[in-house]
Amino acid sequence: MTKRNWLLLVAIALTICGLFAVYSVDPLRDEGFSLASFHGRQTLWAAVGWLLFWLIARRVEVSRFFEWKWALYILMILALVAVLLFGEGDEAGVRRWLFSKSVQPSEFAKLAFSFFLAAYLAEREEEFGYWSLFLKTLFLTGIPAFLIYLEPDLGTALVLVVIWFVGLLLSGFSARRILGIIALLVALFSLSWPFLKDYQKARLLVFINPQRDPLGSGYNVIQSLIAIGAGGFLGKGFLAGSQSQLRFLPAAYTDFIFASWCEQFGFVGGFLIIVLLSIMLYLVFSIARSVPELEGKFAVVFLGSILLFQSTVNIAMNLGWAPVTGIPLPFVSYGGSSLMMSLLSIAFIYRIAARSIESG
């Protein structure tokens, strides 16, 4: 069986795990299957996502997306501006959605930006390793990242910055220079402390010491650690576990779904999710090595880097090893835009790999 087909099977397995995970912590589970429930909507989005997967994998000419890179970029900027002007938010003052909270443009911005940057870099091979390319891509990355940061959504803004760093690495910048750039950006970010929202400051402070505010901003992390610890080796069983079933664990179906999964299925269940994600990432980066066209290779690496970054940060966040940033676990966390973005990423990788084989 080819790597593409293995990738397809792993994506199906992760989607099924995600549907079970969302169902297990859905507060409306007892009311049965309906689109009013979280698991009902997640199932609908999974069905739509797999339909789009089939269409992309069989019929879409991926080269068009590289040709339309500027159209993609402008559309992405307009969508992000629309969120700031007309978007809908929640009680915490976060504004990230359009169309009655059915679409989160920042999720799709990751996909659009990956195609844009891949095509942009591939056309400028003669500038690889030069600071002129660094400055141009810094400007083009900074605009969408800043718009997402204003929502505010620091986690997703960081995803775009990660794609940019990977792009620099692929375009001739040494790891040493990139580490220097990261150190400089971290220093500059520390100067933005007075401008951070109160909840963002609290998340960073409780990451250093969760006991600093155990009933407030540190509550999520503490409950997550209790849930994972309570799961033990084999877990407490499907639909069991006090932390996730009795609602002690906040955001059990979004940010902390990994903790709720571990409470039910223990170390074995958590290890299964990590193994599936690891196999997926191995296959994605293996496929990238075999893609001959520069733009296609870059796009596959960028999409794989998004999945790698989000998986690592989300699981680390659940384990208390990283600040709570609101980054979803690919394929598993509840959310239509997030699930769609993960499925479309794999669909495009699948199609790029198929195109490489067809072109010989």
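**Exercise 1.** At roughly what angle do the axes of helix 5 and helix 13 cross? Give the handedness of the crossing and the residues that form the contact.

*Solution.* The model is predicted.

Step 1. The axes of helix 5 and helix 13 (residues 294–318) cross at roughly 145 degrees and come within 8 Å.

Step 2. This crossing is right-handed.

Step 3. On the helix 5 side, the contact is made by Lys110, Leu111, Ser114, Leu117, Ala118, Ala119, Leu121 and Ala122. Their partners in helix 13 are Leu294, Glu295, Phe298, Ala299, Phe302, Leu303, Ile306 and Gln310. Sorted by class, the contact between the two helices has 12 nonpolar, two polar and two charged residues.

**Exercise 2.** Compare the span of helix 5 with the expected value, and state how many of its residues are buried.

*Solution.*

Step 1. Helix 5 covers residues 105–122, which makes 18 residues.

Step 2. From first C-alpha to last, helix 5 reaches 25 Å, close to the 26 Å expected at 1.5 Å a residue.

Step 3. Of the 18 residues in helix 5, 17 are buried, and the helix is mostly covered.

**Exercise 3.** Describe the surroundings of Thr137, starting with its helix.

*Solution.*

Step 1. Thr137 sits in helix 6 (residues 131–149).

Step 2. The relative accessible area of Thr137 is 2%. Buried means under 20%, so Thr137 is buried.

Step 3. A polar atom of the Thr137 side chain lies 2.8 Å from the backbone oxygen of Leu133.

Step 4. Leaving out residues up to four places away in sequence, Thr137 touches Leu117, Tyr120, Leu121, Trp164 and Leu168. Among them, Leu117 and Leu121 also belong to the helix 5 side of the contact with helix 13.

Terms used
Residues are numbered from 1 along each chain as its sequence is written. This is a predicted model: local features need pLDDT of at least 70, side-chain atom pairs count only at pLDDT 80 or more; totals for chains, interfaces and linings use all residues. Side-chain values use heavy atoms; hydrogens and water are left out. Helices (H or I, at least four residues) and strands (E, at least two) are DSSP runs, numbered from the N terminus. The expected span of a helix is 1.5 Å times one less than its number of residues. Buried means under 20% relative accessible area, exposed over 50%, partly exposed in between (1.4 Å probe, protein chains only). Axes are lines fitted to C-alpha atoms, for helices over the stretch in contact, and angles run from 0 to 180 degrees between N-to-C directions. A crossing is left-handed if the near helix is turned anticlockwise from the far one by less than a right angle, and right-handed if clockwise. Contact means heavy atoms within 4.5 Å. Ala, Val, Leu, Ile, Met, Phe, Trp, Tyr, Cys and Pro count as nonpolar, Asp, Glu, Lys and Arg as charged, and the others, Gly among them, as polar. A polar contact is a pair of N or O atoms within 3.5 Å; within protein, one must be able to donate a hydrogen and the other to accept it, and residues adjacent in sequence count only if both atoms are side-chain atoms.
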